[in-house]
Amino acid sequence: RSRIIRIRRKEKETMFDIKEILEDLTGEKIETLQLFKQDGEFNTFAAYVALASFLLCGVVCVVVWFLFSMIFGGKDKRTGKSIILLGECGGGKTALFYRLLSPEEQPPQTLSSLKVNERTITIDNNNVHLVDIPGSGRLRKLSLLKYSPDARAIVFVVDSAGFAAQSRSVGEILREVLMDKNIQKRRVPILVVANKQDLLKTLKSEEIQKKLESELDSICQSHLAVPGEEDDESTQLVLPGEKFAFDNMENEVIFRESSVKTGDLRSVNEFIDEVFM
Ligand SMILES: Nc1nc2c(ncn2[C@@H]2O[C@H](COP(=O)(O)OP(=O)(O)OP(=O)(O)O)[C@@H](O)[C@H]2O)c(=O)[nH]1
Ligand SMILES: [Mg+2]
């Protein structure tokens with residue numbers, strides 16, 4: 001067994017069969033491949049075999065991990081650079097956009113936006129591309145398609161004072177976001193921020209979450225019952241017979257509060273810090 005064994009090239013192809021190959025070549029049954037021969041001498045060949053097997057196992061593990069993450073993990077969600085502000089008209093996206101650019105200044109009086117605002121700013125040494133998408137119709141949908149491939153996170157702004165009257169349309173827009181292929185594939189985290197907390201008669205983030213959950217449930221059920229052109233079965237947010245729940249989403253969806261007017265943006269800043277960590 002201590003004989004020097006030469007392995008023919010074709011039999012070198014797989015290291016898993018090494019014991020069988022050695023048995024074929026020597027015609028003897030091999031129990032174990034010993035690192036030291038009986039006379040105590042170091043068996044270089046066995047050491048090479050052990051090292052090669054070890055390296056091969058490592059390579060196989062890396063390849064399996066890579067394939068697994070490609071198939072099940074999607075693209076790394078930490079590759080995008082954009083924080084995208086989305087939501088219904090009048091929620092305070094543009095006001096928030098300006099507050100994030102100049103935290104100490106009151107944002108200028110804004111009218112309903114007709115174009116996307118974008119700017120790159122530095123937050124804690126990170127270059128953050130801030131994108132404010134108008135809430136109204138077609139421009140919102142086209143802009144989401146354009147900017148979602150680079151999304152690092154979404155800040156979904158809700159007017160907590162006007163929410164009761166807008167809950168259905170807010171739910172429709174949030175569904176659009178959750179259905180976006182890039183947002184889904186890269187599991188982009190979403191912060192739903194209940195803005196305008198300085199006003200009287202506002203809803204808290206928990207109340208908004210509950211109401212949005214039931215709105216999204218009914219919207220999703222109607223899409224399941226009568227699928228539209230854009231309803232791709234594989235990306236539906238609920239399965240038939242299932243109830244919609246934010247906890248079941250692949251994307252992390254969290255609910256917090258803010259007031260752009262008073263400058264209370266702790267929730268938004270913490271969220272941005274976290275996604276760029
Ligand atoms: N009281 C109060 N008003 C706010 C706050 N944030 C924004 N506003 C006001 O709400 C109104 C709408 O804000 P915008 O930032 O223009 O809203 P938007 O989401 O950009 O709206 P669209 O561009 O139409 O999608 C403006 O008059 C803001 O001054 C807030 O925290 N508190
Ligand atoms: Mg705006």
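What follows is a short conversation about aromatic pairs and a magnesium site in a predicted model.

Author: Local features here need pLDDT of at least 70 and side-chain atom pairs 80 or more, while totals for chains, interfaces and linings use all residues. Residues are numbered from 1 along each chain as written, chains are lettered from A and ligands numbered from 1 in written order, and side-chain values use heavy atoms, leaving out hydrogens and water.

Reader: Why is the pair of F244 and F246 called edge-to-face?

Author: Rings of Phe, Tyr and Trp (its six-membered ring) pair if their centres lie within 6.5 Å; planes under 30 degrees apart are stacked, over 60 edge-to-face and the rest tilted. The centres of F244 and F246 are 5.1 Å apart and the planes stand at 90°, so this pair is edge-to-face. F246 also pairs edge-to-face with F255, at 5.0 Å and 65°. F244, F246 and F255 form one aromatic cluster.

Reader: How do you know whether F244 is buried or exposed?

Author: Buried means under 20% relative accessible area, exposed over 50%, and partly exposed in between (1.4 Å probe, protein chains only). F244 has 5%, so F244 is buried. F246, with 3%, is therefore buried as well.

Reader: What makes T94 and S113 donors of the magnesium ion (ligand 2)?

Author: Donors are N, O and S atoms within 2.8 Å of the metal (3.2 Å for Na, K and Ca); water is not among the atoms, so sites may look incomplete. T94 (OG1) and S113 (OG) lie 2.0 to 2.1 Å from the magnesium ion, and they are its protein donors. Both residues, T94 and S113, are buried.
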